[in-house]
Amino acid sequence: MADEDPSLESLPILDNNRLTELSDGDMDFLIDLMGDYMGGLAELYDQLKAYAFLHDGENIRKISHSIAGSSANIGAARLSQAARQIETDVRHSDGESAVTRVRQIEDIVFDTREAISNYTNNSRF
């Protein structure tokens, strides 16, 4: 069974440097980008949970890879790393650990959504 990696806690939920780089001074663009990300994340996370329920390792790997990449692009460092860990578990034929990690990242997904919501709400002023 996978233990939650304590190094995840050392990663920021949102990487402010990445957000600054992405916005390039255009907050409307960044807010739109984050909205698109949040919509995609909701769909991907629902799929990930469904595949975990089915113990479908190949699709868990594919969806985890997508979440890791899109999260890295938007600066959601902690979620990106957590998704990479799931992908690594599947690649090492450790499906049970991958399924356990899918259940464990629910809080990280929630924290990421909340941080993005707070960031975009505070950036509108």
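What follows is a short chat about a predicted model.

Colleague: Ground rules before we start?
Modeller: The model is predicted, so local features need pLDDT of at least 70 and side-chain atom pairs count only at pLDDT 80 or more, while totals for chains, interfaces and linings use all residues. Residues are numbered from 1 along each chain as its sequence is written, and side-chain values use heavy atoms, with hydrogens and water left out.

Colleague: Which helix gives the most to the largest nonpolar core?
Modeller: α2 (27-54), with eight residues. The core has 31 residues; a core here is a set of buried Ala, Val, Leu, Ile, Met, Phe, Trp, Tyr and Cys joined through side-chain atoms within 4.5 Å. Buried means under 20% relative accessible area, exposed over 50%, partly exposed in between (1.4 Å probe, protein chains only). Helices are DSSP runs of H or I, at least four residues, numbered from the N terminus.

Colleague: What do the buried residues of α2 pack against?
Modeller: α1, α3, α4, α5 and α6, with contact meaning heavy atoms within 4.5 Å. Among those buried in α2 are Met34, Tyr37 and Leu48.

Colleague: Switching topic, how many salt bridges?
Modeller: Six, each a side-chain nitrogen of Lys or Arg within 4 Å of a carboxyl oxygen of Asp or Glu. One of them joins Arg78 and Glu9 at 3.9 Å, N to O. Arg78 lies in α4 and Glu9 in the segment before α1, so the pair ties together parts 69 residues apart in sequence.

Colleague: Is Arg78 buried or exposed?
Modeller: Buried, at 11% relative accessible area, whereas Glu9 is exposed at 54%.

Notes:
Helix = DSSP H or I, 4+ residues; strand = E, 2+ residues; numbered from the N terminus.
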